[in-house]
Amino acid sequence: MYISRIIDKNIGPISKIDISPSFMDDGKPKPLIIVGENGSGKSTMISNIVDSLYELAGRGFSNVVHYRMWVSGYLYYKIISSREIKLGEEYLFSRIVFDNEVEYLFKTKKCSFKQFKDESGFRGKDIKDWDKKKKIIYTTNSKIFEKEDIRKIFSENTICYFEPERYEKPGWLGDTYYYKTSLNSLSEKPKFKSELKNPIAPYNLGQDNFNWLFDVIVDSRVDVQVKNGKLKATPISNKYTKKMLIVRNNIEKVMSIILDKEVYFALNLRDKGKNRFSIRSRADDSIVAPSMDSLSTGQIALFNIFATIIRYADNNNIKESRDTKTIKGIVIIDEIELHLHSVHQKDVLPRLMEVFPYIQFIVTTHSPLFLLGLEEIYGDDGFDIYQMPDGTKIGVESFSEFKRAYEYFTETETHNKKLREVIDKSESSKPIIITEGATDWKHMLAAYNKLSKMDEYKEVFNNLDFEFFKYEANNSNKNTENKIDMGNEALSTICESYSKIPNSRKMIFIADCDVDKTNKKMSL
């Protein structure tokens, strides 16, 4: 199941968007990337999609959408009511179209059926009691309304949403929901046909993935028994052990991409506690990480997202997790770059997404680095970018703005690195004075030479022993080794950089006082 169209009107900052996610010629869904400033409606659009998934799942499972006697209707994942109608308008609506003849319709009472049809492109039959309903699951195929068909959709697809506060749960779900769905172990949890196995918004990711990983490793190991006085190792199941090893390798592939090193999970004795798993190098068996907890927040966040995709497929059908290239479904990630270093945004995230070519990724981002990484992996036409709040599809020309931003970032990093190398090249232990401009140090040196020779100032300059950082501007005609462009910003950045590390050499940075930002940063 994939989403084929998204139409929102008059919701928060959104006047109207009409987005049609793209697909490759072979049916693979292209990643759908939503960009825009804070408050532009990215999360609002995402929330409508999540609501549609909850509403659809609620028709087939008993543990998805809660109905309370004192509340008129079902509870939404994120409350969108008449208060969210765009200023100056009288109604709002959302239409989410799936590729299996199913549509999710959401609207306020003031939106007439005629208005909805005219402005959303809806071509279905008249809907009974339109004015009394807020959200509707519509289909031209009556079978889709049957519980068995809904359950089939969710058992054949990996469907999940990773919210910005990934470690928190929606308030209305409550602890009871997670007590029922959080898995202590796949092998131990009772399976009820009426309950959704995989929560749409996964919670307690670390613990659930940890327990599941333990299950996978157990399934892929051998059983040791004493026979005729000797230890004999045999597969737990000749039929499935090798297949389960493939699942384990898929999980290890995710971690290998994150760590940029071929690794595997080693199982330690249970007395190791949280160090039950260690991560080891396949090349030399050295310990890369003594435990999962020793990984950075960003690394753990990445692992939990993409391991969960495999876990959900495994939970639906253990055969599906053996080949990540066949896992299908919808994965929604709000603020995908959350907690991630620039390297992980640009180089790691796109590679992890590429592992799941039949997953429809719908993500929001503020990161130009992530977009550049997508371009390198998927090519210019391999993904869609839509700018909120207008829902305008960004083409190559607009995308070049992100590229220029990245090039500027790279040039700045390279420039600052060169500056440090030049400064550090001096073997002198004398205090060094570094100036903002290529002529500043010359004027100061000339003044020093002049004043230090005058009788009235000799006492002031007596026993002073220092040197200037001597350099010329890049466009200078003088033949000198140190040709660089310093400037106010570079000087400030270098000063801040040196201030954070121990230095045996005293360093004095002198900038003009014409930039307030620099004055505040460099003042005591």
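Trainee: What share of the 524 residues in the protein is buried?
Mentor: Keep in mind that we're looking at a predicted model here. The chain folds into 14 helices and 19 strands. Counting residues under 20% relative accessible area as buried, the share for the protein comes to 46%.

Trainee: And of the contacts with a separation of 6 or more, what percentage links residues 24 or more positions apart?
Mentor: Take the contacts in the protein whose partners have a separation of 6 or more, then pick out those spanning 24 or more positions. That portion is 68%.

Trainee: Let's go to the open sheet with five strands. Which strands stand at its edges?
Mentor: Read off the order first: β2-β1-β4-β5-β6, with antiparallel pairing. An edge strand has a single partner, so one of its sides is left without a neighbour in the sheet. Neighbouring strands here are turned by 10° against each other on average, direction ignored. The edge strands are β2 (14–19) and β6 (135–139).

Trainee: Which residue is the bridge partner of Ile-11 in β2?
Mentor: Strand β1 covers residues 3–11 and runs antiparallel to β2, with five bridges joining the two. Look across from Ile-11 into β2 and you land on Ile-14.

Trainee: What angle does helix α1 make with β1?
Mentor: Helix α1 spans residues 42–58 and lies across β1, β2, β4, β5 and β6. Helix α2 (residues 113–120) packs on the sheet too, touching β1, β2, β4 and β5, and its direction makes about 55° with that of β4. For α1 against β1, the angle is about 120°.

Trainee: Now strand β3. Which of its residues are buried on each side?
Mentor: This strand takes in residues 32–35, and both of its faces are covered. One side has Leu-32 and Ile-34, and the other has Ile-33 and Val-35.

Trainee: Which residue of β15 stands opposite Ile-33?
Mentor: β3 pairs in the parallel sense with β14 (residues 359–365) over four bridges, and there Val-35 has Thr-365 as its bridge partner. β3 also pairs with β15 (residues 384–387), again in the parallel sense and over four bridges. In β15, the residue opposite Ile-33 is Ile-385.

Trainee: How are α6 and α8 oriented, roughly parallel or roughly antiparallel?
Mentor: Helix α6 (residues 241–259) and helix α8 (residues 342–354) pack at an angle of about 160°, with their axes 9 Å apart. Angles over 145 degrees count as roughly antiparallel. The crossing is right-handed. The two helices are therefore roughly antiparallel.

Trainee: How many nonpolar residues are in the contact of α6 with α8?
Mentor: From α6 you get Val-254, Ile-257 and Ile-258, while α8 supplies His-344, Val-348, Arg-351 and Leu-352. Sorted by class, there is one polar residue and one charged residue, and the nonpolar count is five.

Trainee: Right after α6 there's a loop. Is Asp-260 buried or exposed?
Mentor: Asp-260 lies in the loop between α6 and β10 (263–267). Its phi is near 55°, a positive value in a residue other than glycine. Most residues other than glycine have a negative phi. With a relative accessible area of 64%, Asp-260 is exposed.

Trainee: What is the relative accessible area of Asn-463?
Mentor: Asn-463 also has a positive phi without being glycine, with a value near 70°. Look for Asn-463 in the loop between α12 (458–461) and β18 (467–468). This residue is exposed, at 70%.

Trainee: Which residue follows Met-388 across a cis peptide bond?
Mentor: Most peptide bonds are trans. The bond after Met-388 is cis, with omega near 10°. Its second residue sits in the loop between β15 and β16 (392–393). That residue is Pro-389.

Trainee: Last one: what separates the C-alpha atoms of Phe-214 and Arg-276?
Mentor: Phe-214 belongs to helix α5 (residues 205–219) and is partly exposed, with a relative accessible area of 29%. Leaving out residues up to four places away in sequence, Phe-214 touches Leu-267, Arg-276 and Phe-277. Phe-214 and Arg-276 are 62 residues apart along the chain, and the separation of their C-alpha atoms is 9.1 Å.

Technical notes. Residues numbered from 1 in each chain as written. Predicted model: local features only at pLDDT ≥ 70, side-chain atom pairs only at ≥ 80, totals over all residues. Heavy atoms only, no water. Pairing = 2+ DSSP bridges. Axes fitted to C-alpha atoms, helices over the stretch in contact; angles between N-to-C directions. Contact = heavy atoms within 4.5 Å. Buried < 20%, exposed > 50% of the residue type's maximum accessible area, 1.4 Å probe, protein only. Parallel < 35°, antiparallel > 145°, perpendicular 65-115°, else oblique. Left-handed = near helix turned anticlockwise from the far one by under 90°. Nonpolar A, V, L, I, M, F, W, Y, C, P; charged D, E, K, R; others polar.
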